[in-house]
Amino acid sequence: MKDITNKHRYVVLSVFLFFAIILTPWTIYLSRNLPSNYITRNWDVVWIGIDAMIIIGFLLIAILGYLKSKWLVIAVASSATLIILDAWLDITSSWHTPDFNQSVVLAVFFELPTAIMMCVYIHFLITKHLS
């Protein structure tokens, strides 16, 4: 049984390594070919959607924590990732605009500390609570 588990582990890890290798030239291509400015529709939907996903993530964390579910770690990790993404998008999309300073302040004093706290909580869950 252990050999099957190790074999499965290496296959899964190899697939992720393959994805990273394939994504690297694609990212380089995009960095050289995407325009700096781009007009888009549904900008409000993008931002409301990200914030709605963060709200859903916080609700899931509360519910799964209350239920003592092992899925809690995934909810916390996903929500922390969304918060970091939100900070990144806030800062990069407000570059050279009047909203830039506000985006940096929110990222430095709220979003990134919250994500760091969530990562510490994940570590606690994995090492203390779920072991």
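**Figure 1. Contacts of Glu111 in the predicted model.** Setting aside residues within four places in sequence, Glu111 touches Ile83, Asp86, Ala87, Asp90 and Leu106. Glu111 itself belongs to helix H4, which runs over residues 100–129. The residue is buried but forms no salt bridge. Arg41 carries the nearest side chain of opposite charge, 26 Å from Glu111.

**Figure 2. Surroundings of Asp90 in helix H3.** Helix H3 covers residues 72–93 and includes Asp90. Beyond its neighbours within four places in sequence, Asp90 is in contact with Trp47, Ser103 and Glu111. Asp90 is also listed among the contacts of Glu111. Like many an acidic side chain in a close-up, Asp90 invites a check for a charged partner: which side chain of opposite charge is nearest to Asp90? The nearest one is Arg41, 22 Å away. Asp90 is buried and has no salt bridge.

**Figure 3. Val104 in helix H4.** Val104 has a relative accessible area of 26% and is therefore classed as partly exposed, since that class lies between the 20% limit for buried and the 50% limit for exposed residues. Ala115 follows 11 residues away along the chain from Val104. The C-alpha atoms of Val104 and Ala115 are 15 Å apart.

**Figure 4. Arrangement of the four helices.** The secondary structure consists of four helices and zero strands, and its order along the sequence is α-α-α-α. The radius of gyration is 19 Å, well over the 14 Å given by the globule rule for 131 residues, so the protein is more spread out than a compact globule. Along the principal axes, the C-alpha atoms fill a box of roughly 55 × 40 × 25 Å. Among contacts with a separation of 6 or more, 64% join residues 24 or more positions apart.

**Figure 5. Surface and charges of the protein.** About 10,700 Å² of the protein is exposed, and carbon and sulfur atoms supply 72% of this area. Buried residues make up 21% of the 131 residues; Glu111 and Asp90 are among them. The protein has 8 positive and 7 negative charges. The mean position of the positive charges lies 21 Å from that of the negative charges.

Definitions and conventions. Residues are numbered from 1 along each chain as its sequence is written. This is a predicted model: local features need pLDDT of at least 70, side-chain atom pairs count only at pLDDT 80 or more; totals for chains, interfaces and linings use all residues. Side-chain values use heavy atoms; hydrogens and water are left out. Helices (H or I, at least four residues) and strands (E, at least two) are DSSP runs, numbered from the N terminus. Buried means under 20% relative accessible area, exposed over 50%, partly exposed in between (1.4 Å probe, protein chains only). Lys and Arg count as positive and Asp and Glu as negative; His and the chain ends are not counted. A salt bridge is a side-chain nitrogen of Lys or Arg within 4 Å of a carboxyl oxygen of Asp or Glu. Contact means heavy atoms within 4.5 Å. The radius of gyration is taken over C-alpha atoms; the globule rule is 2.2 Å times the number of residues to the power 0.38. Accessible areas come from the Shrake-Rupley method with a 1.4 Å probe; for residues, only the protein chains shown count as cover. The place of a charge is taken as NZ of Lys, CZ of Arg, CG of Asp or CD of Glu.
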